[in-house]
Amino acid sequence: MGLSGGQSGLLMPPLLLLICLQLGTGLERIHYVPQLSSATLAGTLTQSTFTLEQPRGQFSRLNISDFDPIWLVVAHSNASQNFIAPRRVEDTPVPADFPQKGYYLTLMANRALYPGSQPGNQLRVLRVGNDTGCSPTTRGCNHPLPGPGPYRVKFLVMSDRGPVAETEWSSDTRLQQAEALQTTPGLQSAGTVVIIAILSVLLAVLLTALLGLLIYTCYDTCGSTPISGPGELAFMRRYNPHHMFSRPAVGGS
């Protein structure tokens with residue numbers, strides 16, 4: 001028995017709702033929260049990077065293939081709720097879109113790079129913002145982060161059909177901040193004044209000693225200079241002209 005026009009009109013809203021629900025549930029939720037690296041690693045947090053644990057063994061779902069790219073979504077904390085997964089790889093936001101959209105995708109991988117077990121003693125981490133050589137307009141560029149944050153991240157699995165699965169958002173991550181050198185009054189200023197005064201006194205004493213040495217050397221050199229050249233002695237011979245003196249007479253004339 002066919003349906004009348006009124007009955008088919010009543011069935012359309014539930015049917016559309018069912019289709020929307022099916023499309024909404026197509027993105028599988030992986031109950032994994034990205035974590036900062038727990039290893040004793042220098043530079044886990046810097047002014048432009050932070051280091052994550054690799055999500056090992058989190059993508060072994062049936063609907064994820066070995067060829068599906070796994071992206072890391074980096075977002076400002078206040079923009080994470082506005083994130084919309086791109087439907088095509090061509091629509092993937094890049095770091096140059098970060099100021100406007102508040103998020104971008106980077107560090108593309110596949111599940112073969114995130115095995116369930118850690119082979120040997122290798123340390124497997126992801127350093128976000130570590131590539132200073134790539135252009136921010138390049139898809140997948142791991143460009144240094146522009147500020148202290150806070151940031152939130154999650155992993156997104158995509159395929160040719162669009163988004164497949166995603167993890168939970170991480171907690172807020174704040175980067176280190178450069179502290180300006182400030183001169184605080186008090187003991188530090190008094191200590192600086194004392195050091196400068198001591199250095200000034202030492203400099204004055206040194207200059208006085210050098211001046212005294214210079215005067216002594218000059219006086220000693222100028223006061224003992226011989227008439228002749230160095231290493232020679234000069235003797236002045238006294239000479240009396242003969243016409244200035246007359247010999248006494250021996251006898252009277």
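Q: Which residues form one aromatic cluster?
A: Phe59, Tyr114 and Phe155 form it. The model is predicted, so local features need pLDDT of at least 70 and side-chain atom pairs pLDDT 80 or more, while totals for chains, interfaces and linings use all residues. Residues are numbered from 1 along each chain as its sequence is written, and side-chain values use heavy atoms, without hydrogens and water.

Q: What makes two rings an aromatic pair, and how many pairs does the rule give?
A: Rings of Phe, Tyr and Trp (its six-membered ring) pair if their centres lie within 6.5 Å; planes under 30 degrees apart are stacked, over 60 edge-to-face, and the rest tilted. The count by this rule is seven aromatic pairs.

Q: Why is the pair of Phe59 and Phe155 called edge-to-face?
A: The centres are 6.2 Å apart and the planes stand at 70°; the pair is therefore within the distance limit and over the angle limit for edge-to-face.

Q: What makes this pair a link between distant parts of the chain?
A: Phe59 belongs to the loop between β2 (50-53) and β3, whereas Phe155 is in strand β6 (residues 151-159), 96 residues apart. Both Phe59 and Phe155 are buried (under 20% relative accessible area with a 1.4 Å probe, protein chains only; over 50% is exposed, and in between is partly exposed).

Q: How do you know that Phe83 and Tyr103 are also edge-to-face?
A: Their ring centres are 4.9 Å apart and the planes meet at 85°, so the pair is edge-to-face. Phe83 is in the loop between β3 and α2 and Tyr103 in strand β4 (residues 103-109), so parts 20 residues apart in sequence are tied together. Phe83 and Tyr103 are both buried.

Q: Why is β4 described as mostly covered?
A: Five of the seven residues of β4 are buried.

Q: What makes β3 and β4 paired strands?
A: Pairing needs at least two DSSP bridges, and five join these antiparallel strands, so the condition is met. Among the bridge partners, Val73 is matched with Leu105 in β4.

Q: Why is Thr92 called buried?
A: Thr92 has a relative accessible area of 6%, so the residue is under the limit for buried. Thr92 sits in the loop between β3 (70-76) and α2 (98-101). Beyond neighbours within four places in sequence, Thr92 contacts (heavy atoms within 4.5 Å) Trp71, Pro86, Leu105 and Arg139. A polar atom of the Thr92 side chain also lies 2.7 Å from the backbone oxygen of Val89.

Q: How do you know that Tyr32 is buried?
A: Its relative accessible area is 14%, so Tyr32 falls under the same limit for buried. Tyr32 lies in the loop between β1 (28-30) and β2. Not counting residues up to four places away in sequence, Tyr32 touches several residues, including Phe155, Thr167 and Glu168. Tyr32 and Thr167 are 135 residues apart in sequence, yet 5.4 Å apart from C-alpha to C-alpha.

Q: What makes up the secondary structure of the protein chain?
A: There are three helices and seven strands, in the order α-β-β-β-α-β-β-β-β-α. Helices are DSSP runs of H or I with at least four residues, strands runs of E with at least two, numbered from the N terminus.

Q: Which residues does UniProt list as "transmembrane region"?
A: The unreviewed UniProt entry lists residues 193-216; such annotations may be inferred rather than shown by experiment. In the model this span is 100% helix and 0% strand, with its end C-alpha atoms 35 Å apart.

Notes: A polar contact is a pair of N or O atoms within 3.5 Å; within protein, one must be able to donate a hydrogen and the other to accept it, and residues adjacent in sequence count only if both atoms are side-chain atoms.
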